[in-house]
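Reader: I have just opened this structure and would like to learn how its descriptions are reached. Could you take me through the reasoning step by step?

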Amino acid sequence: MSPPAQPGVPGGRGSKGPPARKLLCMCSLSLCLTYLCYSLMGSTGPAALRSPAALPGSAAPGAPRSPTAFPATVAPRSAGGPGSPAGSPGAPGPSAAPPRASNGSREGAADTWLRTQLAPGEVITAQSGAFERDPQESSTTDEELSRAGSPGSRGGSSSTTPDYGEKRLPQALIIGVKKGGTRALLEAIRAHPDVRAVGTEPHFFDRNYEKGLEWYRNVMPKTLEGQITMEKTPSYFVTNEAPRRIHSMAKDTKLIVVVRNPVTRAISDYTQTLSKKPEIPTFEVLAFKNRTLGLIDASWSAIRIGIYALHLENWLQYFPLSQILFVSGERLITDPAGEMAKVQDFLGLKRIVTEKHFYFNKTKGFPCLKKPEDSSAPRCLGKSKGRTHPKIDPDVIHRLRKFYKPFNVMFYQMTGQDFQWEQEESDK
């Protein structure tokens with residue numbers, strides 16, 4: 001059950017016909033011009049620009065929406081990591097940009113290290129070599145997936161999953177975004193008796209696609225007739241091939257995207273990386289191509305992931321808005337029951353996960369799950385969640401807000417929802 005279109009937001013969820021298509025075209029053109037200008041200002045040459053819509057495999061005959069013109073974007077720094085084959089997308093080559101000067105920008109040596117090491121979560125194409133796993137973001141290991149995908153296994157679900165029923169391909173996917181609250185959402189929806197979700201992140205539609213649908217099916221938990229099979233892999237939202245591949249599997253798949261203020265999300269992303277690699281440069285250094293000019297580095301994955309309108313355009317080529325639910329990462333903390341009501345309605349489920357299932361942990365700073373029928377201790381997310389963010393220069397925060405604002409507005413128009421991130425920032 002999809003929420004109705006919002007009054008005053010043209011082309012919102014539930015809109016039909018030419019007005020919605022006209023808005024999508026207008027948003028695409030506006031997004032194209034905005035991002036193209038910014039990319040041209042910050043790029044080091046034509047090789048640094050890349051259009052997602054022009055990538056191989058980004059268009060599919062018979063897709064629900066025909067591809068539209070899309071902005072050129074800065075190529076990801078993480079595409080060619082250590083061990084990448086020569087000539088692979090993003091691999092360092094003779095045309096690599098020379099080290100930057102020290103007038104407020106990064107030093108050359110640090111920049112070289114960053115291009116190969118910093119952002120394992122950045123995904124542009126499934127063949128880009130950008131799929132190094134971050135164990136703090138994904139609970140998936142190759143060994144776990146191997147066990148889950150073996151014949152006769154019970155999948156990656158929790159130990160409470162019954163050993164009967166049959167394994168099915170998922171009918172619903174949590175596709176993003178990284179550091180948006182996807183793990184909290186997954187754990188909450190798994191409390192519903194009519195949902196069975198794999199606990200690990202299969203990464204099927206980005207890095208394991210060549211293993212085939214039968215492997216993917218075997219990773220899933222067993223379900224009974226009428227139950228919904230789900231999985232979550234946040235990197236799908238920024239993977240260029242994912243929409244086409246998911247549409248090829250089942251065009252009626254329901255998609256859930258947890259979004260969060262992109263500035264806060266970027267800092268959270270950096271905090272996670274910092275916890276694993278304390279030697280990395282500061283957030284302020286990484287966020288700018290040139291600090292003196294105030295030019296944001298949109299090729300850094302921590303920044304790029306938060307340009308939600310950029311990635312959503314790719315999904316709208318294959319899926320209508322009625323099949324995509326956007327969950328507020330902020331409200332998932334302040335009003336988890338309210339957001340879960342929307343999720344359950346979207347999945348066609350009875351509202352069983354309610355406020356009785358949540359307990360706010362003041363130490364963690366977010367809700368924990370509890371079973372309303374017993375007195376057992378609430379179950380909270382692991383220590384890798386709810387980390388304290390480093391203090392960031394207020395000027396950097398201000399510049400990031402200005403950078404994201406036009407993209408946020410476009411995202412609101414495309415989804416028909418106002419997440420009020422600008423209002424949230426003005427209240428601080």
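Author: Happy to, and let us start with a term: a residue is called buried when its relative accessible area is under 20%, exposed when over 50%, and partly exposed in between. Please keep in mind that this is a predicted model. By that cut-off, 54% of the 428 residues of the protein count as buried.

Reader: What makes β11 largely enclosed by the rest of the structure?

Author: The count of its buried residues does: 5 of the 5 residues of β11 are buried, so the strand is largely enclosed. I324, F326 and S328 point one way from β11, while L325 and V327 point the other way. In a regular strand, side chains alternate between the two faces of the sheet.

Reader: Why is β11 called an edge strand?

Author: Two strands pair if there are at least two bridges between them. The open sheet has 5 strands in the order β5-β7-β4-β8-β11, with parallel pairing. β11 (324-328) pairs on one side only, as does β5 (195-197), and these are the edge strands. From one strand to the next, the twist averages 25°.

Reader: How do you know that β8 pairs with β11?

Author: Set the count against the requirement of at least two bridges: β8 and β11 have 5 bridges in the parallel sense, so they pair. One of the matched positions is V257, whose bridge partner in β11 is F326.

Reader: And what joins β4 to β8?

Author: Strand β4 (residues 172-176) and strand β8 (residues 254-259) run parallel and are joined by 4 bridges. With at least two bridges required, they count as a pair. L173 has L255 as its bridge partner in β8.

Reader: Let me turn to the helices. Why is α7 called oblique to α13?

Author: The axes of helix α7 (residues 262-276) and helix α13 (residues 394-415) cross at roughly 125° and come within 9 Å. Angles from 65 to 115 degrees count as roughly perpendicular and those over 145 as roughly antiparallel. The crossing angle of roughly 125° falls in neither range, and that makes α7 oblique to α13.

Reader: Which residues make that contact?

Author: From α7 come P262, V263, A266 and I267, and from α13 come I397, L400, R401, Y404 and N408. They divide into 7 nonpolar, 1 polar and 1 charged.

Reader: What other helix meets α13?

Author: That would be α10, whose Y308, A309, L312 and E313 meet F407, M410, F411, M414 and T415 in α13. The residues of this contact also divide into 7 nonpolar, 1 polar and 1 charged. The axes of α10 and α13 come within 8 Å and cross at roughly 35°.

Reader: How do you know that N314 is buried?

Author: N314 has a relative accessible area of 9%, and the limit is under 20%, so N314 is buried. This residue is found in helix α10 (residues 308-315). Its side chain reaches the backbone oxygen of N240 at 3.0 Å.

Reader: What makes A242 count as buried?

Author: A242 has 0% relative accessibility, which puts it in the buried class. A242 sits in helix α6 (residues 242-249). Leaving aside neighbours within four places in sequence, A242 is in contact with F205, Y236 and W315. Between A242 and Y209 there are 9.6 Å in space, C-alpha to C-alpha, and 33 residues in sequence.

Reader: Why is α6 as a helix described as largely enclosed?

Author: Because 6 of the 8 residues of α6 are buried. Those buried residues are A242, P243, R245, I246, H247 and M249. They pack against β4, α5 (213-219), β8 and α10.

Reader: What is notable about the phi of K179, and is K179 buried or exposed?

Author: K179 has a positive phi of about 60° although it is not a glycine. Most residues other than glycine have a negative phi. K179 lies in the loop between β4 and α4, and its relative accessible area of 10% makes K179 buried. In that loop, too, is V177; the peptide bond from G176 to V177 is cis, with omega near -5°.

Reader: Why is Q420 called partly exposed?

Author: The partly exposed class lies between 20% and 50%. Q420 has a relative accessible area of 47%, so Q420 is partly exposed. Q420 lies in the loop between α13 and α14 (421-426), and has a positive phi of about 60° although it is not a glycine.

Key
Residues are numbered from 1 along each chain as its sequence is written. This is a predicted model: local features need pLDDT of at least 70, side-chain atom pairs count only at pLDDT 80 or more; totals for chains, interfaces and linings use all residues. Side-chain values use heavy atoms; hydrogens and water are left out. Helices (H or I, at least four residues) and strands (E, at least two) are DSSP runs, numbered from the N terminus. Axes are lines fitted to C-alpha atoms, for helices over the stretch in contact, and angles run from 0 to 180 degrees between N-to-C directions. Angles under 35 degrees count as roughly parallel, over 145 as roughly antiparallel, 65 to 115 as roughly perpendicular and the rest as oblique. Contact means heavy atoms within 4.5 Å. Ala, Val, Leu, Ile, Met, Phe, Trp, Tyr, Cys and Pro count as nonpolar, Asp, Glu, Lys and Arg as charged, and the others, Gly among them, as polar. Buried means under 20% relative accessible area, exposed over 50%, partly exposed in between (1.4 Å probe, protein chains only). A polar contact is a pair of N or O atoms within 3.5 Å; within protein, one must be able to donate a hydrogen and the other to accept it, and residues adjacent in sequence count only if both atoms are side-chain atoms.
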